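Visitor: I'm new to this one, so could you walk me through it?
Guide: Sure, let's bring it up and take it piece by piece.

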Amino acid sequence: MSVGAHPSQPAGTEEYQPVFTEQMLEQLNEILARYPTRQAALLPALWLVQRARGWISDRNMAEVAEVLGLTPAYVKGVVTFYTMYHQHPVGRHFVQVCTTSPCNICGAEAVVQALLEATGAKELGATSPDGKWTVIEVECLGACGFATPVLVDDDFIESVTPDRVPELVRKYK
Amino acid sequence: MPEELVNLTIDGVPVSVSKGMLVIEAAKQAGVLVPHYCYHPGLPVAGVCRMCLVEIEKQPKLAISCATQVAEGMVVKTQSAAAKSARTGVLEFLLINHPLDCPICDQAGECELQDFTFQEGRAGTRYSPDYPKRFNPVEDFGPDVLYVPNRCILCTRCVRFMEDVAREPVLNVSERGDRAYIGVHPETRLDHPWAGNVVDLCPVGSLLSKDFLHKARAWELDKTASLCTGCSQGCNVTLDTRENVVVRVRPRPNLEVNRYFICDHGRMNYRWMNRGDRIEAPLVKRGGELHATDWQDALERVTTTLRGAGPRVVSLVSPRASTEALFFARELFRGLDWTGAFQVVMGEEAPLAGVPDLALRAERAPNGRGAELLGYGREYAAALAAAQSAAVVLVLDEPDIPVRAGTLIYVGTVLPERARDAEVVLPIANVAEEDGSFVNRDGRVQRYAQAKPAPGMARPAWWVFSELGAALGHGEPVGSAAEAFERVAQAIDALRGLSYEQLGFVGKPAAVPVAV
Amino acid sequence: MGFPHKPHPKETVLLSRYFGEADARNYKGWVKRGGYAALEQARAMEPARVVDIVKDSGLRGRGGAGFPTGLKWSFMPKEKKKPHYLCVNADESEPGTFKDREIMRWTPHALLEGTAIAAHAIQAEVAYIYIRGEFTEPLAIMDKALTDARSAGVFGKLKIHLHRGAGAYICGEETALMSSIEGKRGNPRIKPPFPAAAGVFGMPTTINNVETLAAVPHILTKGAVWYKGLSLSSPKSTGTKLFSVCGHVQQPGNYEVTLGFPLKDLVYELCGGMRPGRTLKACIPGGSSVPILDRAETESCLLDYEGVVERGSMLGSGGVIVFDDSTDMVYQIMRLARFYAHESCAQCTQCREGTAWTTKILERILAGQGKTADLDLLLDLSENMTGKTICVLSDSCAAPVVSGIKKFRSEFEDYIAGRRKPVMVA
């Protein structure tokens, strides 16, 4: 997998640039062909938005609603259900550390601490001053036998230990 | 084809109900109200509050009665220990994050959470006061709706109404788990023309009407079955009065007309019922000015005028007047060269997409169809022209008073400036102050009841005209709206055979072709 | 990317045979290993015949519920009046379970082949493979495998699509999964209607777990009788099963054994036992949603649907979480309760409020502020959360709490009585 980084759209009120321009609409049309309803393309469409903008703003949601024939409120209800859609800007690298019971007993907490330190994010959910890192704890990543699994952007990294963390963070500089 | 019936027992009461019916509805027929929150007969079943759990013999788990269909031989126990304890458990869960702010909550007294907690909740909470309760600030959802999330029990009735009935999903459930709340998108508001129904649907005090906010406690209200006068749909409503002031209009279920809903136009269309500038006594012209008098004097002045009148008579009537009033008003001029007309204010039509044949109708009057049945026409302009040369012009609660040479008799609730040169002015009750009936656009005959006293000496218009008719020798006067309607039914083919008793408070179709 | 361990002699490698062989991921590599022969075989049969073979094999759903697969397929309308759908549940999110991930990572074509056979059996023209959003690597591998097999023309008219989740445990519940595919919140739905009558998009639908479908090609090529013969204890539990073992064992990972295999051997032999100087304290045998076993129960438990029930738990998804004697059971049970509170969809009252309340009580006990009455309260809340909601997420939160209090009560009491140093939880 590529070592991808999130772009990030401004959170302010600058003039809105639509996500679904010609090329994106093409991608969306491909997706739409897989389903019998337009609504079913909502999750994939939101993924497209997040990939393009780094997070999903209220305005983005309204745009998706328009493109798929839904209402903005409906889209917002769906976005807020799924934890992987960012409703706020996040650091360029988004780090998810599993801390559910099986990883907890294998030392996940120390991995979290090491990551907060090495990235400079300091606090869970906060973004490091250089805008590069956001670290959060997540519930079960589904790799309990490879404790502790860490998702950095789209890279799924297994068996992370505190001493592996500095090298890992360096890789994304 | 005869309806297929299913026999079952609910709390020992045998009932026969139609196949496919839900247990919760069948229970109503057995006289049992199964406590519930998310279920509403006008909405798709959600099955989420889990309050209506009941025990069904031979089923391993408790079942929600809102999503279980009746079956032959089914034995339902709503009061079994397991069912009661499950519901007590649900109530306890609902209350852990619910503020105990009933003393300042508009819903108190008509709150289903209060009612069912009183009925089968625990006396005390086991939720430690050390734990914070969920808190979210009050939100302004739309022109008339406030959301108090702390009181919300996530029954989703409001969301389902907007999604499946209004077909404009501007409300959602946001987030999940105990962080969930009813959400909106910042770019859209709850401003659908039927949005106010979410306030009625909310079983707790979470969705509030700004219009009704802190106006009254539920137990101070008197409730009267009435009809909406906002348009020709004829939605059934309840007028809530406090100390003889109408403070709220709510839908009254009628599956044939408005199901469980009314539009916001109708909901807000009540302030005029409380107007203070009413005519409170009959007025007669003496020495070029109107003077207050008693009914006998005023009625005599009218009969004298009518007896001596020439052949040409014009009636201009309000389509808000009762069928009974319009009938007796018409009878006065039997045998004369009579023209009767009414005019209707028109507005934009606003359908409720999820319910067939339900809309705020363009025609903003409740009894145009009744007026037509009684021979009043819609050619108002022509009637105005005819009025110029008529010997007598009778105006019934219609502000648009013509220029004329003949005598004006004005019968109304308030006195428009141009009615001041009337020979006689007779004060009448408004729709909230009398019993009466309307015929809606589909030809359905429906009754409304008196919710508050009429001011001063004002009387129902049907009484006024029946007294005048009697004085002119057209039979005995009537003593009640029911009697008045009986006379109408005898005289008008379309209403023949109907009576107030038969109409009840949901009405009956008239024997007339449906006009659209 | 982690590589699997070398198979232990006591394993029966069927699904995991090619784990670790990068070449098996490629379409050509898969065909070289006999791949897609079963699909061809199935295509030559009437759909009903395929259903019968799977019925006869005794294969039961590997996602957690253990419902007989062939029987589930047979619920689909025989006479097709509407489009039929197959949904593949690759939303593996149950704490302790990570087997479907390995199947998709190493043998994506095994899943695709099983999917195509199932689609033929239930006469579905479209199959959606719902992969949880966090599984970025399996998603990429499946995507490539799908593209390759599709361009090789393997699937005929059948359309297979990948659908990526976005972070919601509950979407592994079959009706929630369908809601999610439809572009909705991942809310479970009330049944009836059952999916075979009105499933995704309102059409007849079957939902199968990844491991279940990966077993199907083997059943077709080697026969129902052979598969049925793979059984060490109960005749109602047949075939092999992948057990994901995690926690305090020397060699965590996926182990494939014949059903009926002793849990003791899995933990102590295949996984290398406890860390030096440690002993086993507790074990959750079927993913975090099932009751906790104590040491004696663990050591006498046979791993099949019936055997685990006999010990008071369930086989579930086969996610085995092992806790050694260093474990603070109260803390771990709190972590599990917190997981369910985080994942509750918010529909049912008992689940929405109960999972969060349970967590708060456990946190308070850990903080040294607990009261003796809290334990009875937890048990009573758990009772109110069991068997009363649309899906079993609420029951799943109650299971570790109830079994934990029952089996490790003294640990709770130590916190309450102040005999144990309080743990402040964020």
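Visitor: In what sense do β16 and β20 of chain B pair, parallel or antiparallel?
Guide: Strands and helices here are DSSP runs numbered from the N terminus, with at least two residues for a strand (E) and at least four for a helix (H or I). Two strands pair if DSSP finds at least two bridges between them. Strand β16 (residues 312-317) and strand β20 (residues 392-396) of chain B have five bridges, and their sense is parallel.

Visitor: Before we go on, what kind of model is this, and how are things numbered?
Guide: This is a predicted model, where local features need pLDDT of at least 70, side-chain atom pairs count only at pLDDT 80 or more, and totals for chains, interfaces and linings use all residues. Residues are numbered from 1 along each chain as its sequence is written, while chains are lettered from A and ligands numbered from 1 in the order in which they are written.

Visitor: Back to those strands: which residue is the bridge partner of Leu316(B)?
Guide: Look across from Leu316(B) into β20(B). The partner there is Val395(B).

Visitor: Which strands stand at the edges of that sheet in chain B?
Guide: The open sheet has seven strands with mixed pairing, in the order β15-β14-β22-β21-β20-β16-β17. An edge strand has a single partner, so one side of it is left without a neighbour in the sheet. In chain B, those are β15 (289-292) and β17 (337-342).

Visitor: Which helix of chain B packs on the sheet?
Guide: Follow the helix that touches β14 (283-286), β20, β21 (407-412) and β22 (424-427) of chain B; contact means C-beta atoms, placed from the backbone, within 7 Å. Its direction makes about 130° with that of β22(B), with axes fitted to C-alpha atoms (for helices over the stretch in contact) and angles running from 0 to 180 degrees between N-to-C directions. That's α7 (residues 295-307) of chain B.

Visitor: Which element gives the largest share of the side of chain C that touches chain A?
Guide: Here 46 residues of chain C are in contact with 37 residues of chain A. Elements giving two or more residues to chain C's side include α7 (136-151), β3 (159-164) and α14 (329-343) of chain C. The largest share is six residues, from α14(C).

Visitor: And how far apart are the C-alpha centres of the two domains of chain A?
Guide: Chain A is divided into domain 1 (22-79) and domain 2 (93-171), with bounds from an automatic or database domain assignment. Their C-alpha centres lie apart by 29 Å.

Technical notes: Contact = placed C-beta atoms within 7 Å.
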